[in-house]
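Reader: I am new to this structure. Please take me closely through one part of it, and then through the places that help to set that part in context.

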Amino acid sequence: MSRTTRIERYRNIGIMAHIDAGKTTLTERILFFTGRIHAMGEVHDGATEMDWMPQEKQRGITITSAATTASWKPMRGPFAGTAHRINILDTPGHVDFTIEVERSLRVLDGAVAVFDASQGVEPQSETVWHQADRHGVPRIAFLNKMDKVGADFAMCVRSIQQRLDANPVPVQLPIGAGPEFRGLVDLPRMRALFFDEETGVPTEGEIPAELLAEAEALRLRLIEACAEVDGTVMRKYVEGRLADLTEEELERALRMGTLQRRLVPVLCGAAFKNKGVQMLLDGIVNYLPAPSDLPAVEGETPDTRVRVTRPANAEEPLCAIVFKLMHDKAVGSIVFLRVYSGTLRTGMAVLNTRQQRRERVGRLMFMHANKREEVDEVHAGDICAALNLKGVRTGDTLCAPEAPVVLESLHCPEPVIQLAIEARSRADQQKMEDGLARLASEDPSLHVEVDPETGQRLLSGMGELHLEIIVDRLRTEYGVEARVGQPKVAWRETLLQKVRQEYRHVRQTGGPGQYAHVVLEVAPAPRGSGLVFVDDTHGGVIPKELVPAIEKGVAGAMQRGVLAGYPMVDVEVHLVDGSTHVRDSTPQAFTMAGSLAFQEAARRAGVQLLEPVMDVEVTTPEEFLGEVLGDLSARRGRVRGMEGTGTVRRVSALVPMAHLFGYVTSLRGRTQGRATATLRLASYEPVPDALRDSLLAAAHQ
C-alpha cells in the first residue's frame, strides 16, 4: 500500500459529548466490533479500556482524553470492503476537563458528537460543538440511547438545529424508540436493518409499512440537502428524476457536505445494547475526512514570521505538534504528537521551535489508553507518542531542523477557582512541588503559583471537581497527603482605556550599566484574548532579538496585576518606539523596562476587577421550579430562558462563580435529589461596586 493511498485511508476522530451521553460506552463497542478488544467492559463496573485512571474508574467519568487505534472495513458505501485505520480520542464530557476536548479537537480531522436521545443538546454538548466550530472540525451526530425511556429522534434533530445553529440531515430513521427500539431505516438505500437483541448484529429487511411515509419524507429532505452541495444531485432534483438518484451519488454528496461543514449527517443507535455501532463505523469512514482531504496545515517561520504550509504528505519535511503530556513511572514523560507532514523515526533529530532547541527522539509508539505498541517510524496523519523528549510543553511544534515552522499553539481557557495547598509534613514538601510541576505540565488549564505574602502554593483550575481530582492524584500517584484551603474565585483585572506610555530604564552601578527605552500603546482587548503583543517599531530602533524580552516583562507585570494583585487579562500592547545604548542595552534591561512601562500605563489607563460568570443550566421537575428560580435569584443569577417537555423544565441562567460553591449539592437537597445542574464559564464581567470595594480592602490589608 503506497503512502498516498495509506493516508487516504486514515480517519483521525474524536468522540465528544455532554457527560453521561455514552461516549466511553460507545468507544468500547467500537473497539469490540473492530476487533481491537475481545470483551467489552462497562463504565458502571469501572472496567472499560479507555477510562483507565483510578479516579475515572471510581467516579465512572472520563477525566483525560485517551487515544487508541482500530481498523474497519465499511459494510456499505463508497469505501465498502477497504480497510481503514481509525485513530480515536475519547474525550471527557465534564466541563471541568474542557482542556482535554480543546487539545483533542486541535489535532483531529473529524468528530462524532454523541447526544442522549432523551435529552437532545445539553450544555456541554454546546460547549464542545462550538469548540469544534472554532477549529473547523467536520462532524457527524450519533443519537445514542435510543432504547431509553423518553428517547425522541425528531426532538433531538430539532434541538441540534435550533441550539447549535447547525444543519442536521438524518441518514437513518429509528424503528421504534425506548424499549421498543429494534432497528433503523437506512435512508440513502431505503432499506430497514433489524438488530438481534442479544448481539446487536443487523439483518436487512423491508421498511415497516407504518414508517414508510416518514422515511420517504426524510429521504426527500436528505436529497434536498445533498442538492445544495452537489451539482449532479441538484440537476436530477430539479428535473424531477428522484428515482434515478443512486446510493453512490447521495453518499458522495453527503461526504462533500460534511467535509465542507455545510451539513451534519445524523445517525442513531443504542451503544449499550450494541445497536447501530457498525453503521456508525461505516459513517465515520464514509463521511469524515482523511488527513489528505483537508487543507495543508499553516504555520510561520520562527524568525521572519512568513506564512508557510505543510501538506499531509510523508515526503514533505517533518511537522508535528505536541498536544498532550503524560508522566509514567516506568518510562518517564510520554509526549503525544500529531504528525501533519513528513516521517518521524526513532533516533531522529528534531527542532523544538519554541525553545529553538534540538531534540533526539527516543522510542515511538501507538497508544491504546495506557498500553503501548512500539514502532520504528510514523508518518503524516499519524497520532502517536514519543519518549525521551526533554523540556517539551503542550502546544510546541517539532519539525525538521532544515525546515523550521511554528504552528498555532493551543487555546487554554481561563481558570475560574483557586485554592491554597500545603504538604502535611516537611518531608512531603519537595514531593508535592515535584508532583504539582508534573501535573501542571500535563494539564495546561491547571495553574500553580506561589502566594508572595504567605508562601503557600495556589492551584487555579476550571472547577471544584478539577481541583479535587488534582489533589487526589497527588495522593495516589505521588504519595503526598496535602491540606487544602477553601476554594476561592479566580478574580481578574483588565484595563479601562487606551494610553501611550514612555519609559526609560537607566541603572549605573559602577560596572556595566543598564539602559532600555520603550514606548508602549496599551489598550483593552476583546474578552478571551489574553495578551496581544505587537511589535510596531520601524527602522531597527529596537533590535528584533530584544523584543521578546519586552513582551516577557509585560507578561510578568500582567501576571502580578496592578490594582489588587490579581492577574490581568485581555490587554493589547503595541511596542511603537524606543532606543538602545550600544553597550548597556541587555535583554534583562528591556524586560525590566517592559514591566515598569506597562505597570505605569495600567495605572494611568485605570483598572477594573472582573469576576467569572458561569452559564448554569438546571434540569428540574416542574414542582421544584419556583424553589430553583428563587435560589438562583438569591445567588445574583440572571435567568436567560426556560424550556421543557412534560413535567420537566430546563432553566438557563448566568450566575457569578462567587455564589456557586457547593451549588450542585445544595440543589440536590432542595429538590429531593431530582434536579441536576451543569456549570460552564460564560465570560468574565465587571465586579459590582460594593463587591469591588470589599475585594480592594481585603487586598490592601
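Author: What follows begins with one strand, moves to the loops and helices, and ends with the confidence of the model.

This is a predicted model in which local features need pLDDT (the predictor's confidence in each residue, from 0 to 100) of at least 70, side-chain atom pairs count only at pLDDT 80 or more, and totals for chains, interfaces and linings use all residues. Residues are numbered from 1 along each chain as its sequence is written, and side-chain values use heavy atoms, with hydrogens and water left out.

The part to look at is strand β35, which covers residues 607-621 and includes E617. Helices (H or I, at least four residues) and strands (E, at least two) are DSSP runs, numbered from the N terminus. E617 has 6% relative accessibility and therefore counts as buried. Buried means under 20% relative accessible area, exposed over 50%, and partly exposed in between, with a 1.4 Å probe and protein chains only. The side chain of E617 makes a polar contact with the side chain of R163 at 3.1 Å. The side chain of R650 is also in polar contact with the side chain of E617, at 3.3 Å. A polar contact is a pair of N or O atoms within 3.5 Å; within protein, one must be able to donate a hydrogen and the other to accept it, and residues adjacent in sequence count only if both atoms are side-chain atoms. Contact in general means heavy atoms within 4.5 Å. Apart from neighbours within four places in sequence, E617 touches P123, R163, R650, V651, S652, T676, A677 and T678.

V618 is in strand β35 too. Its relative accessible area is 0%, so V618 is buried. Leaving aside neighbours within four places in sequence, the contacts of V618 are V628, R649, R650, V651, Y663, L667, T676 and A677. One of these residues, L667, is 49 residues from V618 in sequence, while the C-alpha atoms of the two lie 9.1 Å apart in space.

Next come some loop residues. S585 sits in the loop between β34 (571-579) and α14 (587-605). With 17% relative accessibility, S585 counts as buried. Its side chain reaches the backbone oxygen of Y515 at 2.9 Å and the backbone nitrogen of H581 at 2.7 Å. Beyond neighbours within four places in sequence, S585 is in contact with Y515, T580 and F590.

R636 belongs to the loop between α15 (625-634) and β36 (638-645). R636 is not a glycine, yet its phi is positive, at about 65°. A relative accessible area of 30% makes R636 partly exposed. M190, in the loop between β8 (183-186) and β9 (191-195), is another residue other than glycine with a positive phi, near 55°. M190 is partly exposed, at 21% relative accessible area. Most residues other than glycine have a negative phi.

Two helix pairs complete the picture. Axes are lines fitted to C-alpha atoms, for helices over the stretch in contact, and angles run from 0 to 180 degrees between N-to-C directions. Angles under 35 degrees count as roughly parallel, over 145 as roughly antiparallel, 65 to 115 as roughly perpendicular and the rest as oblique.

Helix α7 (residues 212-227) and helix α8 (residues 231-238) have axes that come within 7 Å and cross at roughly 125°. The two helices are therefore oblique to each other. From α7 the contact takes L220, I223, E224, C226 and A227, and from α8 it takes V233, M234 and Y237. At the N-terminal end of α8, D230 acts as a cap, with a side-chain oxygen 3.0 Å from the backbone nitrogen of T232. Just after α8, G240 has a positive phi of about 75°.

Helix α2 (residues 23-33) packs with helix α10 (residues 277-287) at an angle of about 85°, and their axes are 10 Å apart. These two helices are therefore roughly perpendicular. L26, R29, I30 and F33 of α2 meet V277, Q278, L280, L281 and I284 of α10.

Last comes confidence. The chain has a mean pLDDT of 87, with 92% of its residues at 70 or more. Residues 1-5 have pLDDT below 50, and this stretch has 8 contacts in the model beyond near neighbours in sequence. Residues 43-53 are also below 50, with 45 such contacts. Where pLDDT is low, the predicted coordinates should not be read in detail.
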